[in-house]
Amino acid sequence: ILAQHQDITEDLTISEGCWMPRRVDSMAVIVVDALRFDFALEHLPKSIGSRIAYEEIGKKQEQQEQQQPLQQKTRGQSQLYKFVADPPTVTMQRLKGLTTGGLPTFADISGSFGGANVDEDSWVDQLHNVPASKRGFKDYAQNQDAEAKRKVQMAFVGDDTWVDLFPNQFDDSHPYPSFNTRDLDTVDDGCLLHLPRLLKSFGSKSMDNNEGTATSTKNDESFFYEVIVTHFLGVDHVGHTYGPHNVHMDAKLNQMDEVLQTIFLKIDEAVEQCQVVFVFGDHGMTEDGNHGGGTVEETNAGLFAHYSPGCGDLGPSLDITGTEIGSYSEAAFRSVNQIDLVPTISLLLGLPIPFANLGGVVPGLLPPLHYHTDKDIIIEAPYMATSLALNAAQVWNYLTTYSNTASKLPESAISDLESILKKASSQFRDALAQKDTFDSMAYREACGLFKYFLSMATDLGKQVWTRFDTTGMIIGISMLVLALFLGVPYTSIRGAMKEAMPTTKTSSSRVGHILSQCMKFEVLTILGAIILHCVILTFSNSYIISEETMIMFILSILCTFTSFHYHLNQISTRVQKSTLPSFSRQSAFIPLLVAICSRMNNILISGHGQDPIIRLHWAHNAYVFIFSLFVLGIMRIIYNYTKSFYFQLSDVHTMLDIITVISLGCSWIEKRSLDMSRHGYFTSRLALLLCTFGFISFVIQLSWDKIFLKSRQSDNNAFLYKTMMVLWKVALFMITVTGPSAASSFVLIIFQVYALSILTFDTGRNKRGAPLLAMLWRLSIRHAFFATNHACSFNRLHFSAAFVATETFFFAPAGISLFLNTFGYDVLGIVLVATLSRVSNRLDVWSWFCFYQMIEALFSCISVSIFRRHLMVWAIFAPRFVFAAIFLVICMFYYMFDGVVISTRNFNDTKEKVAKD
């Protein structure tokens with residue numbers, strides 16, 4: 001195409017590139033982390049808003065500028081797009097996709113914690129490795145020394161994730177730590193510190209000798225920055241800490257508005273050079289400020305492109321919309337995926353498109369390459385068709401290479417793509433053959449077909465990109481099925497069925513008949529709960545999203561039914577209240593206490609995992625969390641007063657726990673202060689250290705205590721007391737890393753534990769079946785997980801738990817804090833169920849509890865295997881399976897500990913006792 005129209009290209013000022021002549025002289029890539037589309041559209045009035053208004057409303061001014069010579073234009077052109085990200089919407093995966101053009105999958109999420117270098121082809125790597133002389137800078141073609149000294153440089157400042165991905169590619173690099181979500185300004189302040197100096201040498205081949213950067217170029221007046229990458233992080237951190245609707249978010253967006261306005265004004269000064277700045281978000285954020293999933297709020301980021309006056313008129317590029325082919329081609333032109341920016345950047349800079357790219361060039365982002373005057377109309381279609389043809393050839397080469405060497409792609413899909421590509425290529429050849437019509441309809445039709453091919457190729461990649469080991473899936477599911485059958489509590493099932501069958505004695509009275517029917521109804525209710533929550537829920541994305549509501553509903557039904565059953569038991573016994581077992585007079589209302597506490601926790605308490613300074617939540621009020629901590633302290637003192645004789649140093653540990661509670665209160669009060677220098681780190685560290693020291697010292701003492709872990713009835717209470725003390729240390733640690741709302745939640749959770757303990761210890765006619773008790777325990781524990789603002793999704797992880805006592809990220813302490821913040825409720829619940837089951841001689845409750853968890857894990861595994869090609873697999877089904885697997889691992893770990901360590905110790909103690917007797 002270039003050789004064919006040589007007469008038009010003789011007077012070009014744009015230098016040649018690798019595949020096509022480069023279209024811009026320099027580029028700035030500005031990442032505003034978590035910049036949602038609505039943020040860009042509505043909350044950046046000075047920078048983006050004013051330029052959108054200029055494009056859409058100021059038509060007369062635009063027409064006047066078009067009539068002026070190019071050098072006299074004082075304001076460049078701009079475009080705003082909805083920038084669609086692929087889940088998981090996590091920064092590391094998004095940056096990887098934005099530089100390589102590939103589709104990072106859910107399995108890459110482990111790289112978000114550092115150490116995930118990009119070893120694939122990318123435009124960053126190309127920019128570093130391709131000599132300047134080969135990408136359009138002819139001034140350096142004969143000057144090898146200049147090339148060796150890197151006269152054309154690439155600079156970076158901002159989020160250190162870029163340096164983790166590209167450790168050696170940037171000539172001038174200034175990374176800042178990004179993990180502390182409560183640090184709103186460090187990264188942004190660093191960007192503001194270095195940006196003025198970088199912009200001064202941006203796109204210019206001269207600079208002030210006194211403002212050099214690297215040692216090798218400090219006194220070299222000929223170097224300049226071809227590309228500047230800046231990554232602001234404040235918007236994302238404000239969202240994590242305060243949410244998207246807060247005065248802190250308004251202040252941060254105003255700051256971004258001012259910064260972007262400064263950058264755009266710098267770009268507008270380039271009337272002879274073509275400079276472009278891309279401002280975009282790597283992802284969005286939900287209404288609670290998180291991200292990681294696939295919701296609209298998380299995937300719809302903003303992309304704003306601003307061009308200098310030297311780039312010319314974008315009209316010819318925007319005029320190519322694919323309407324000549326049909327609606328399917330128009331849709332491909334309108335959609336802008338994040339990976340589409342990769343081939344666009346490559347062609348703008350005169351670089352080869354990365355080998356593994358699956359994105360398609362965005363025509364509206366390419367400034368005109370050549371001008372052909374024909375009745376004052378600028379022609380761009382032939383060169384756009386060439387760009388799309390090269391992009392299509394690159395994608396087709398990659399897909400066929402991948403299919404032949406790595407994993408066979410579906411033949412039907414490849415065949416469909418090949419037919420579209422052949423049709424587009426044929427149309428392109430026909431257009432090339434028309435020498436007299438430079439802007440023929442054939443070129444535009446070829447553009448539409450190539451863009452449609454690229455869109456279909458991207459869709460194919462999203463559908464089949466991840467390789468699945470079906471053999472391994474089958475083996476894993478088979479092992480879970482075998483473990484499930486081996487773990488079925490057959491004895492308990494036979495006992496429950498026997499109790500459900502009516503006997504002559506029970507059926508002789510009307511109440512007895514009703515009681516027998518209630519037993520049958522209990523079996524059916526438990527069976528329905530198992531099928532609904534452990535089986536059906538795992539196969540429905542809607543159920544998984546609404547899992548918290550489903551659990552609350554099932555728990556309320558079971559608690560109401562259990563209460564009614566207790567009431568019937570009391571009527572049927574017809575005995576004096578004084579002869580009833582302990583708590584039996586009130587036991588009819590005990591199950592309702594479980595449901596009421598769960599409902600109160602769900603409705604009244606919010607703000608878990610958020611900074612105490614956010615005063616929108618009732619539980620963050622100082623009077624509320626101080627009162628909650630006071631109640632927890634009183635509970636701890638009362639429990640120690642009634643059980644202290646089981647442990648010699650119980651008073652010392654009680655005092656440590658009370659000091660921990662006081663430290664927590666002081667820390668939260670200090671963090672609520674509007675003075676940002678009062679961060680409450682000292683008292684938070686004191687609370688964490690006391691919890692850790694108390695836990696370790698308690699466990700060491702217990703390991704030397706002969707009473708610990710004994711099964712004799714006289715020692716059961718000691719065993720229970722000491723286990724509760726260990727769990728209390730863990731609970732205080734969890735409260736510390738979760739925030740003020742956790743104190744109020746734990747008050748209600750303790751009442752739930754108290755009620756469920758009474759139900760577990762009940763005997764005689766008040767004794768409930770093990771399947772029912774296990775289900776009540778399991779639903780209560782899982783509801784505590786959801787009620788504390790957690791979910792089976794990575795965008796609901798409380799990363800702030802790693803920074804309650806420090807500004808610096810330390811991997812091991814941060815990992816422990818995040819694990820206990822997320823899975824601590826299951827850890828506490830599992831240990832409680834196992835301990836109470838052993839102490840009350842109701843080991844069948846523990847067996848049923850583990851059985852339920854195995855069912856859930858099995859069907860989660862089956863569902864994610866069946867739906868591995870589902871659109872929502874990475875957003876919903878895969879995270880649900882991962883969380884179910886972690887819940888199962890925690891349960892099975894303690895099952896083995898309980899079965900091997902505790903049971904073995906009990907057997908040895910019993911053997912010693914028999915020998916002494």
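Strand β1 (residues 26–32) runs parallel to β5, and six bridges join the two strands. The model is a predicted one, and its protein chain holds 34 helices and seven strands. Of the 917 residues in the protein chain, 57% count as buried, and among contacts between residues at least 6 apart in sequence, 76% join residues at least 24 apart.

**The sheet and its order**

- The seven strands make up an open sheet in which the pairing is mixed, and their order is β2-β7-β6-β1-β5-β3-β4.
- At the edges of this sheet stand β2 (78–84) and β4 (172–176), each of which has a single partner strand, so one side of each is left without a neighbour in the sheet.
- On average, and with direction ignored, neighbouring strands of this sheet are turned by 10 degrees against each other.
- Helix α15 (residues 341–348) packs on the sheet, where it touches β1, β2 and β6 (275–280), and the direction of the helix makes about 165 degrees with that of β6.
- Strands of a sheet pair through backbone hydrogen bonds, and the pairing is either parallel or antiparallel.

**Strand β5 and its partners**

- Strand β5 (residues 224–232) is mostly covered, with nine of its nine residues buried.
- On the β1 side, I30 stands opposite T230 in β5, while V31 has H231 of β5 as its bridge partner.
- Strand β3 (residues 152–159) also pairs with β5 in the parallel sense, over seven bridges, and the bridge partner of M154 in β5 is V227.

**A buried lysine in helix α11**

- K252 has its place in helix α11 (residues 247–268), and this lysine counts as buried because its relative accessibility is 4%, which falls under the 20% cut-off for that class.
- The side chain of K252 makes a polar contact with the side chain of Q255, at 2.8 Å.
- When neighbours within four places in sequence are left aside, the residues in contact with K252 are L184, D185, D188, G234, V235 and V238.

**Aromatic pairs and the phenylalanine cluster**

- The count of aromatic pairs in the model comes to 31.
- One of these pairs is formed by F823 and F887, which meet edge-to-face, with 5.8 Å from centre to centre and 75 degrees between the planes.
- This pair links distant parts of the chain, since F823 belongs to helix α32 (residues 811–839) and F887 to helix α34 (residues 873–916), and the two residues are 64 residues apart.
- Both members of the pair are buried, F823 as well as F887.
- Ring pairs also link F823 and F887 into a cluster together with F785, F786, F794, F819 and F883.

**Charges over rings**

- R782 lies over the face of F887, at 4.1 Å from the ring centre, so that F887, by the 6 Å limit used for a charge over a ring, has this arginine as a partner and F823 as its edge-to-face ring partner.
- Elsewhere, the charged end of K82 sits over the ring of F37, at 5.2 Å from the centre of that ring.

Key:
Residues are numbered from 1 along each chain as its sequence is written. This is a predicted model: local features need pLDDT of at least 70, side-chain atom pairs count only at pLDDT 80 or more; totals for chains, interfaces and linings use all residues. Side-chain values use heavy atoms; hydrogens and water are left out. Rings of Phe, Tyr and Trp (its six-membered ring) pair if their centres lie within 6.5 Å; planes under 30 degrees apart count as stacked, over 60 as edge-to-face and the rest as tilted. Helices (H or I, at least four residues) and strands (E, at least two) are DSSP runs, numbered from the N terminus. Buried means under 20% relative accessible area, exposed over 50%, partly exposed in between (1.4 Å probe, protein chains only). A charge sits over a ring if NZ of Lys or CZ of Arg is within 6 Å of the ring centre and within 35 degrees of the ring normal. A polar contact is a pair of N or O atoms within 3.5 Å; within protein, one must be able to donate a hydrogen and the other to accept it, and residues adjacent in sequence count only if both atoms are side-chain atoms. Contact means heavy atoms within 4.5 Å. Two strands pair if DSSP finds at least two bridges between them. Axes are lines fitted to C-alpha atoms, for helices over the stretch in contact, and angles run from 0 to 180 degrees between N-to-C directions.
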